[in-house]
Every structure is written in C-alpha cells, then in structure tokens.
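Hi,

Here is the model I promised to pass on. Have a look at it first, and my notes follow underneath.

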Amino acid sequence: MNQSAFPIPSPDLYSEEDIAQLVHTFYAKARKDPGLGPIFEAHVQDWDAHFVQMINFWSAQLRGTSRFRGAPMPKHIALPELNAELFERWLFLFRETTEEMGNPGLQQHANAIAAFIATRLWQGYQINNYPDRDLVALHTA
Ligand code: HEM
C-alpha cells in the first residue's frame, strides 16, 4: 500500500479482461437504470467507442496503462441536470458491479477510485453550473 492507501496501479494486479468485464457489467446495469439510463442513451452516440474509452480509463486507473485520452470534467459539466442522487446511484451500481466480480482487491481499489473521482466530478459540476448555490456533499460511505 502506498500513502494514499490505494495500491499503485500495475498491470500485474488485474487483467484487461477484468477491466472489460467491469465496464461492460457496470453499463449493463447503468443503461437499465431509470435515472441514469436515459442520460447515457441521450449523450452516448457510439457505444463501442464509449466502451473503449471507459476501458482505457479504468485500465489507466487500475493497471497504470496510458491509452486513455479524454477530459472527464468538461464532459460531465456539460451534461444537463446532474445531481447528488444520480452520482450516488452511479456509485451504488458501480459497487454492486465490483462486488459481483468476486475479486476483493479489485473491489476495494476500484471503489476507492470511483468514490474519489465521483466526489471531484460532482464538486466541479456544481462550481461550474451552480456557482451561486451552496455545495451539496456526496454521500460516498
Ligand atoms: C451521475 C453520474 C454520471 C453520469 C450521468 C455520467 C455520464 C456520462 C456520459 C453521458 C458520458 C459521455 C460523455 C460524452 O462522451 O460526451 C460520460 C463519460 C465519461 N464518464 Fe461519466 N457519468 C457519471 C459519473 C462518472 C464517474 C463517477 C466517473 C468516474 C469514476 C465517470 C467517468 C467517465 C469517463 C472517464 C468518461 C469519458 C470522458 C471522456 O471521453 O473524456 N463518470 N459519463
């Protein structure tokens, strides 16, 4: 364990197949979700490209690969009407996914990163879209 209590990302920890399974299982849930599903369907034009993008993202986070090219913050800031409940729902489905994978190391590592990034994205979203409102915290515990 390093200082931040996350393992250092490494290709030795998980396989690309693990990452692909994580992304596909999560999206199978998210696309069926009454709150999140319509948002993804409205904003993702090319699902194959989105899956590649998300696999590259999670591979970078968990395995330390460097294929990901993207800008998550501006992409999320541009989505209309996100709120804390949607981010909390996203985290719930993500945690359900990692639990089902039956790999406690991956579960803990991926959940910690997801909570950290969700908190940052939601904070950035509010600062940009609702500059005059008080910040609403995300419940990530
Ligand atoms: C309310 C919760 C969320 C919703 C509704 C949401 C929705 C979306 C949508 C619609 C896109 C595609 C945007 C586009 O291509 O224009 C996207 C991209 C993405 N999302 Fe989310 N997202 C959420 C939370 C998260 C969280 C918590 C993470 C990370 C832990 C995340 C990681 C990403 C990444 C890496 C991309 C690709 C960004 C890029 O192409 O530059 N999202 N998301």
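Let me start with one helix pair: H5 and H6 run roughly antiparallel to each other (that label is for angles over 145 degrees, with under 35 called roughly parallel, 65 to 115 roughly perpendicular and the rest oblique). Before going further, note that this is a predicted model, in which local features need pLDDT of at least 70, side-chain atom pairs count only at pLDDT 80 or more, and totals for chains, interfaces and linings use all residues. Residues are numbered from 1 along each chain as its sequence is written.

Back to that pair: H5 and H6 pack at about 170 degrees with their axes 10 Å apart. Axes here are lines fitted to C-alpha atoms, for helices over the stretch in contact, and angles run from 0 to 180 degrees between N-to-C directions. On the H5 side, the contact includes Phe-87, Trp-90, Leu-91 and Phe-94, and among their partners in H6 are Ala-110, Ala-114, Ala-118 and Trp-122 (contact means C-beta atoms, placed from the backbone, within 7 Å). By class, this contact has 11 nonpolar, 3 polar and 2 charged residues. Ala, Val, Leu, Ile, Met, Phe, Trp, Tyr, Cys and Pro count as nonpolar, Asp, Glu, Lys and Arg as charged, and the others, Gly among them, as polar.

The other pair is H1 (residues 16–32) with H3, whose axes come within 9 Å and cross at roughly 125 degrees. H1 and H3 are therefore oblique to each other. Residues of H1 in this contact include Ile-19, Leu-22 and Val-23, which meet a set in H3 that includes Phe-51, Met-54 and Trp-58. The contact of H1 with H3 divides into 9 nonpolar, 2 polar and 2 charged residues.

Overall, the chain has 6 helices and 0 strands (DSSP runs numbered from the N terminus: H or I of at least four residues for helices, E of at least two for strands). The C-alpha atoms fill a box of roughly 45 × 35 × 25 Å along the principal axes.

Now the ligand, probably your main interest. Its shell holds 21 residues, the closest being His-43, Gly-70, Leu-86, Ile-117 and Ala-118 (a residue is near if its C-beta atom, placed from the backbone, lies within 6 Å). Helices H2 (37–43), H3 (47–63), H4 (72–77), H5 (84–100) and H6 (104–129) each give two or more residues to that shell. H6 supplies the largest share, 4 residues. By class, the shell has 16 nonpolar, 4 polar and 1 charged residues.

Cheers

Technical notes: Two residues are in contact if their C-beta atoms, placed from the backbone, lie within 7 Å.
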